[in-house]
Amino acid sequence: MKTFTHARAFRAALIAATISGASTAALAEITDYKFELVDQSVQAGPDKIITVRLMNTKTGKPVPDAVIFATRLDMAPDGMQEMATKIAPMPGAEPGTYKFKATFGMAGRWQLSLGAKVQGETGTVDNKLVITAQK
């Protein structure tokens, strides 16, 4: 009988720990994440590298292993949304950084639109960042 009581107490403690652990894991909101540019400008031309960092704004820490599923690079800030270019993902150097290769066909302001999923969170991180391409 004593063994049965200990097993039951252990099971109750395990369930309580699981519930409290699950409630603290989901404290972040999808709005607590944002992309930021590592460099605000690039040289115009082919095969330029853009580096962004995905940050948790509450902790101030970079977020690794996000799944970036939407990318677009165009000249929307200068009123030329139709002036879009291809963008290709590259391996990141540090956890929480994401790199892309693109051709900047002309000098001006380019908008990088990103959509990503953060592991363990529901919703999508959507950001639009402005990069200046210089001659």
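How many aromatic pairs does the structure hold? There are two aromatic pairs here, and the close-ups below visit both, along with some salt bridges and strands. Keep in mind that this is a predicted model.

**Close-up 1. Phe35 and Tyr98 make an edge-to-face pair.** The ring centres of Phe35 and Tyr98 sit 6.4 Å apart, and since the planes meet at 75 degrees, the pair counts as edge-to-face. In sequence the two are 63 residues apart, so to speak strangers: Phe35 belongs to strand β1 and Tyr98 to strand β8 (residues 97-104), and the pair links these distant parts of the chain. Phe35 is buried, at 3% relative accessibility. Tyr98 is buried too, at 12%.

**Close-up 2. Phe104 meets Trp110, again edge-to-face.** For this aromatic pair, the rings are 5.4 Å apart centre to centre, with 85 degrees between the planes. Is Phe104 buried or exposed? Phe104 counts as buried, with a relative accessibility of 1%. Trp110 is buried as well, its relative accessible area being 1%.

**Close-up 3. Strand β1 has a covered face and an uncovered one.** Tyr33, Phe35 and Leu37 make up the covered face, while Lys34 and Glu36 are on the uncovered one. Strand β1 runs antiparallel to β3, and five bridges join the two. If you want a spot to start reading the pairing, try Tyr33, which stands opposite Asn56 in β3.

**Close-up 4. Lys58 and Asp32 tie two loops together.** Their side chains meet in a salt bridge, 3.8 Å from N to O. Lys58 lies in the loop between β3 (45-56) and β4 (61-62), and Asp32 in the loop between α1 (2-25) and β1 (33-37), so the salt bridge connects parts that are 26 residues apart in sequence. The two partners sit in contrasting surroundings: Lys58 is exposed, at 61% relative accessible area, whereas Asp32 is buried, at 9%. By the rule used here, the count for the structure is four salt bridges.

**Close-up 5. Asp74 and Arg72 form a salt bridge.** The closest N and O atoms of this pair are 2.7 Å apart. Asp74 is buried, with just 4% relative accessible area, but Arg72 is partly exposed, at 39%.

**Close-up 6. Asp78 and Arg109 link distant parts of the chain.** Here the side chains meet in a salt bridge with an N to O distance of 2.9 Å. Where do the two residues sit? Asp78 is in the loop between β5 (67-75) and β6 (80-85), and Arg109 is in strand β9 (residues 108-117), 31 residues apart. Asp78 is partly exposed, at 33% relative accessible area, and Arg109 is partly exposed too, at 38%.

**Close-up 7. Five strands form an open sheet.** Read across, the order is β2-β10-β9-β5-β6, and the pairing is mixed. At the edges are β2 (41-43) and β6, each of which pairs on one side only. Neighbouring strands of this sheet are turned against each other by 35 degrees on average, direction ignored. Within the sheet, β5 and β9 run antiparallel and are joined by seven bridges. For a landmark, look for Leu73, whose bridge partner in β9 is Leu112.

Definitions and conventions. Residues are numbered from 1 along each chain as its sequence is written. This is a predicted model: local features need pLDDT of at least 70, side-chain atom pairs count only at pLDDT 80 or more; totals for chains, interfaces and linings use all residues. Side-chain values use heavy atoms; hydrogens and water are left out. Helices (H or I, at least four residues) and strands (E, at least two) are DSSP runs, numbered from the N terminus. Buried means under 20% relative accessible area, exposed over 50%, partly exposed in between (1.4 Å probe, protein chains only). Two strands pair if DSSP finds at least two bridges between them. Rings of Phe, Tyr and Trp (its six-membered ring) pair if their centres lie within 6.5 Å; planes under 30 degrees apart count as stacked, over 60 as edge-to-face and the rest as tilted. Axes are lines fitted to C-alpha atoms, for helices over the stretch in contact, and angles run from 0 to 180 degrees between N-to-C directions.
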